[in-house]
Amino acid sequence: MQITVRNWRRPLGAFVATLLVGAAAAVPTGASAAPAEATATAATQASYAPQDKFTATWKRADALKVRSNTTNTSPLIPANFPVMTDKVWIWDTWPLTNLSTNVVTYKGWHVIFSLTAPRNIFFGDRHWQARIGFFYSRDGKSWKYGGHLFPAGTSLGSREWAGSTILRDGNEVQTFYTASGRDNGGVDPNDALQRLATATGRIHADDRGVWFTGFRNHKIIAEADGRFYQTLEQSQAGPIIYAFRDPFAFRNPDDDRTYILFEGNTGGVAGEYQCQQRDLGKLPPGHTVPAEARYYTGNIGLMEATRSDLRSWRLLPPILSANCVNQQTERPHLVFRNGKVYLFTISHTFTFAPGLTGPDGVYGFVGESLRSNYRPLNASALVLGNPPEQRLQQYSHYVMPNLLVESFIDTIFTQPGEQAPVYGGTLAPTLRLDIRGNRTYVVEELDYGYIPATQQTRRQQLG
């Protein structure tokens, strides 16, 4: 989600050849706000219990290695791209999944969910009028807009931001989302409050399409605690909007418990954090860390379900921090593959700390378990970024278990000097990744908005 408010087809053949809460909010556990890292004697320990206080770090020295090349750059998208619907802008999108993170169908229908706003408003104003909409398709690419997911006036906050939607028993569906803004706060770009919420409903389908009922039992399940995760009040001095959003629900195959990943910032007043050696890594000679880097404190948070209905949660320490590296680690999600955990997040050029840069795109890490000593993929963490000649081309990438990556088209400039923009608000071509250990490669471009069901067994997940 690109918010700059202050304080607020075709195989890539030639390329492939070169590659060969009972409570109203979650309750924090005891630990310090600053990420805890392994001591020298324990540095070789790869895995920790999800409830442990260990937090991996995306180090500044790693981010300095970010370089765009043919293995990590999205193909150019033409300005005459197809549009899914003329009714709404769409951006952050996620498929209907089960708790094992597999993309599922319901009675033969593929279903996806997107942040939507009326297409008759300016594209840049969409965040403040966002509601979750849904689409359905027989083939996973010819999408029909079904309308808003939640009945009008039922959701919490003043707009609905991204999350995840799980198919549970029978036709029960549970959505986790970001309640952005104060309840009934109206269209107010200065209201940056973010809380995590959930609601349950029912999915229905026949030969003509898909629809939903229910979703009237909305509940806040977590709020930033100020210790692990920065609050709105603590963030006021910062240059970029804080984060407590984007819940991604899943079952961890190692312990069969249910968790949520989310985007946060390190707890504490903006600007008071001091960059530490664990944040920096082994910097090259001559690299100076600007003082303003202390304002950039993105992290990937974790919380654990304490009831089987997934309406009560407990905050845990973050599993990854990007202190002094990046302010935003948006829409975190993961893929269990070959006995490893691949952790992905999206970020922008403008959210990198001073002295660092990287393209808008998806960044990733690999670890031995949910809480582990994650290492950046491709040495820098860059997995897939926009081409330099179209730096705003697409965003909000979501990597599925089959390594297909969906995203939305943002802005394509049609004249030099980033003039004559064409706004997207529709799904981009799906891309396919190849993962080999700690290296990733983009190997194929598929149809626009292609989001098929995945078939992955528990055995494949565990390796």
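## Surface and overall make-up

The protein's accessible surface is about 16,900 Å², and carbon and sulfur atoms hold 50% of that. Areas come from the Shrake-Rupley method with a 1.4 Å probe, and for residues only the protein chains shown count as cover. This is a predicted model: local features need pLDDT of at least 70, side-chain atom pairs count only at pLDDT 80 or more, and totals for chains, interfaces and linings use all residues. Residues are numbered from 1 along each chain as its sequence is written, and side-chain values use heavy atoms, with hydrogens and water left out.

Of the 463 residues, 61% count as buried. Buried means under 20% relative accessible area, exposed over 50%, and partly exposed in between (1.4 Å probe, protein chains only). The protein has four helices and 27 strands. Both are DSSP runs numbered from the N terminus: helices are H or I with at least four residues, strands are E with at least two.

## The five-strand sheet

One open sheet has five strands in the order β2-β16-β15-β14-β13, with mixed pairing. The edges are β2 (56–57) and β13 (245–251); each has a single partner strand, so one side of each is left without a neighbour in the sheet. Two strands pair if DSSP finds at least two bridges between them.

Strand β15 (residues 297–305) is largely enclosed by the rest of the structure, because nine of its nine residues are buried. Strand β14 (residues 258–265) pairs with β15 in the antiparallel sense over seven bridges. Asn265 has Gly298 of β15 as its bridge partner. Strand β16 (residues 313–323) also pairs with β15, antiparallel, over eight bridges. There, Asn299 stands opposite Ser321 of β16. Farther along, β13 and β14 run antiparallel and share five bridges. Phe248 stands opposite Leu261 in β14.

## Strand β5 and its partners

Strand β5 (residues 109–118) is mostly covered, with nine of its 10 residues buried. Strand β3 (residues 88–97) runs antiparallel to β5, joined by six bridges. Pro95 has Ile112 of β5 as its bridge partner. Strand β6 (residues 131–137) is also antiparallel to β5, with seven bridges. Phe113 stands opposite Phe134 in β6.

Strand β4 (residues 105–106) is joined to β5 by two bridges, again antiparallel. Thr105 stands opposite His110 in β5. The hairpin of β4 and β5 has two residues between the strands, and Lys107 takes a positive phi near 50 degrees there.

## Two buried loop residues

Thr154 lies in the loop between β7 (144–148) and β8 (159–167). Thr154 is buried at 17% relative accessible area. Its side chain reaches the backbone oxygen of Pro151 at 2.7 Å. A polar contact of 3.4 Å joins the side chains of Thr154 and His218. A polar contact is a pair of N or O atoms within 3.5 Å; within protein, one must be able to donate a hydrogen and the other to accept it, and residues adjacent in sequence count only if both atoms are side-chain atoms.

Ile451 sits in the loop between β27 (439–448) and α4 (458–462). Ile451 is buried, at 1% relative accessibility. Its C-alpha atom is 8.9 Å from that of Val111, although the two residues are 340 residues apart along the chain.
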